[in-house]
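User: I would like to learn how to read a ligand shell and empty space in a model. Please take me through one case.

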Amino acid sequence: MYDVCIIGAGVTGSSIARELSRYDLKTVVVEKGMDVCEGTSKANSGIVHAGFDAEPGTVKAKLNREGNERMGKLAEELDFSFRRNGSLVICEEESGLKTLEKLLENGKKNGVKDMKIISGDEARAKEPNLSKNVIAALDVPMGGIVCPFELTTALAENACVNGVEFAFDNEVKDIKKSNGCYKVITSKREIEAKVVINAAGVYADKIHAMVSTTPMHITARRGQYCLYDKQTGKMVERTIFQLPTKMGKGVLFTPTVHGNLLIGPTAEDIEDKEGTNTTAEGLDYDRMKAAESVENMPAGRMMITSFSGLRAHEDGDDFIIREAEDAENFIDVAGIESPGLSCAPVMGEYVANIVLPKLNPAKKADFVEKREGIKHINSLPVEEREKLIAENPAYSVIVCRCEMITEGEILDAIHRPLGAKTLDGIKRRTRAGMGRCQAGFCTPRTMELISKELGIPMEEILKSGRDSHVL
Ligand SMILES: Cc1cc2nc3c(=O)[nH]c(=O)nc-3n(C[C@H](O)[C@H](O)[C@H](O)COP(=O)(O)OP(=O)(O)OC[C@H]3O[C@@H](n4cnc5c(N)ncnc54)[C@H](O)[C@@H]3O)c2cc1C
């Protein structure tokens, strides 16, 4: 019998798992994918929003501002990439000035620090590539960027080190009440737990409906992106937002924490909760809108890939984090659309405050708070590189030429707690395959390493999902 069963190993489930792992609890995370970060947490803008968008008084607004403020400390504890690069919300027409002022007011009410409205010229002095049509901008120094894969993996890995079990490739098919607890029935096993936490992203309404008759409806709101070569990553330092619409924050133009340039997303309500394809129209829209933010859009040939993610938009437009009215000990953490990533540093604590009074566990004396990430040899000073290579020559063998990722890093990704078992697992942990050639060169060698280290025949190695065989 588990104390807690968390459904979903995205950034939300992983943040909750990490927080609960501070306590003497038997916790399992059940995930239908083969790894952590297989849902929306892998496909978003990677922005640590400052917290000026959300309506004051909402759960979203509270967790966003607090999460933003705590991201730096969490990045230090768990060793993932985060930079407070600041953001600008630009306005190109007189009619937009009111919206800019409303955002400033919202931000102040939400407690966001140091924001101010600046003129177009002041904005261009900060960001020389900004469009000459910009007449004013909201300057937000608290905005940041984070690697969503590293953040999610770091939270999950740390939870695992502190005793949380992860059950991958287990799709929850049904949940039954049995003898005062819940029986979570997955594609592979049955799990009994006193408390169930529903962190299933776009599927949270389906999971909710397994135990509750209260209405919940989540729309998959797709956002498509274009990712550009690192040669373009310095076009802007800050994240450039356009004025928000009722569908979201609009198309942004941002450096990523690893130095690429990202533009997007679209905002399209779709029926298919698996509809993460991109479309020619969507990508054209991104480029057309982004061209309004800057002078000299990068050439199309600089785009290295496209992707899309699904926002879990709940009809009430706020996060739903509470015990279901008609299902005691079943906690919904639903409607976690943007800024769900930004909230990760405090999401776990918020949910734990609901769960802990039910179970009254003791705090662990031996909780391991810190985690050391994978060492990326290319970003180390020469002396440190040489030392690492002397200790382990695998760090001198380059596997991914675009991102300069070595065999040593890939071996670390495979063998560390909650290690990678798929090509995408390696890619998200190390960046092998994320560069200009998009895994054209490194795939065979990475597969050989997975095969040798984990004893998996080459024909059985997966890209990510269960039927994604490469050979
Ligand atoms: C286009 C876009 C842009 C965004 N930009 C930002 C941003 O810049 N900043 C920001 O803060 N936030 C952003 N977000 C929001 C952020 O990405 C999400 O809030 C966050 O990733 C949600 O995490 P999650 O863990 O709740 O959901 P997910 O990551 O989707 O995790 C849910 C997990 O549940 C699993 N699951 C589902 N059903 C089952 C089942 N039956 N059995 C077992 N497992 C199941 C899924 O496989 C998945 O792994 C953006 C989102 C989108 C789509």
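User: How many residues surround the ligand, and which are the closest?

Analyst: This is a predicted model, where local features need pLDDT of at least 70, side-chain atom pairs count only at pLDDT 80 or more, and totals for chains, interfaces and linings use all residues. Residues are numbered from 1 along each chain as its sequence is written, and side-chain values use heavy atoms, with hydrogens and water left out. A residue is near a molecule if one of its heavy atoms lies within 4 Å of it. Here 39 residues surround the ligand, the closest being Thr-12, Glu-31, Ser-41, Ile-336 and Ser-342.

User: Which backbone atoms lie close to polar atoms of the ligand?

Analyst: A polar contact is a pair of N or O atoms within 3.5 Å. A backbone N or O atom of Ile-47 is 2.7 Å from a ligand nitrogen. Ligand oxygen atoms lie 3.1 Å from a polar backbone atom of Glu-337 and 3.3 Å from a backbone N or O atom of Gly-340. The protein covers 96% of the 990 Å² of accessible area that the ligand has on its own (Shrake-Rupley method, 1.4 Å probe).

User: Where is empty space left, and how many cavities are found?

Analyst: Rolling a probe the size of a water molecule over the atoms shows where empty space is left. On a 1 Å grid over the protein atoms alone, a cavity is a set of points where a 1.4 Å probe fits but cannot get out; lining residues have an atom within 4 Å of a point. The search finds one cavity of 30 Å³ or more. The largest cavity has a volume of about 40 Å³ (the space filled by probe spheres set on the points, joined across faces, edges and corners). Its lining residues include Phe-52, Asp-53 and Lys-249.

Methods:
On a 1 Å grid over the protein atoms alone, a cavity is a set of points where a 1.4 Å probe fits but cannot get out, and a pocket is an open set with protein on both sides within 12 Å along at least five of seven lines; lining residues have an atom within 4 Å of a point. A polar contact is a pair of N or O atoms within 3.5 Å; within protein, one must be able to donate a hydrogen and the other to accept it, and residues adjacent in sequence count only if both atoms are side-chain atoms.
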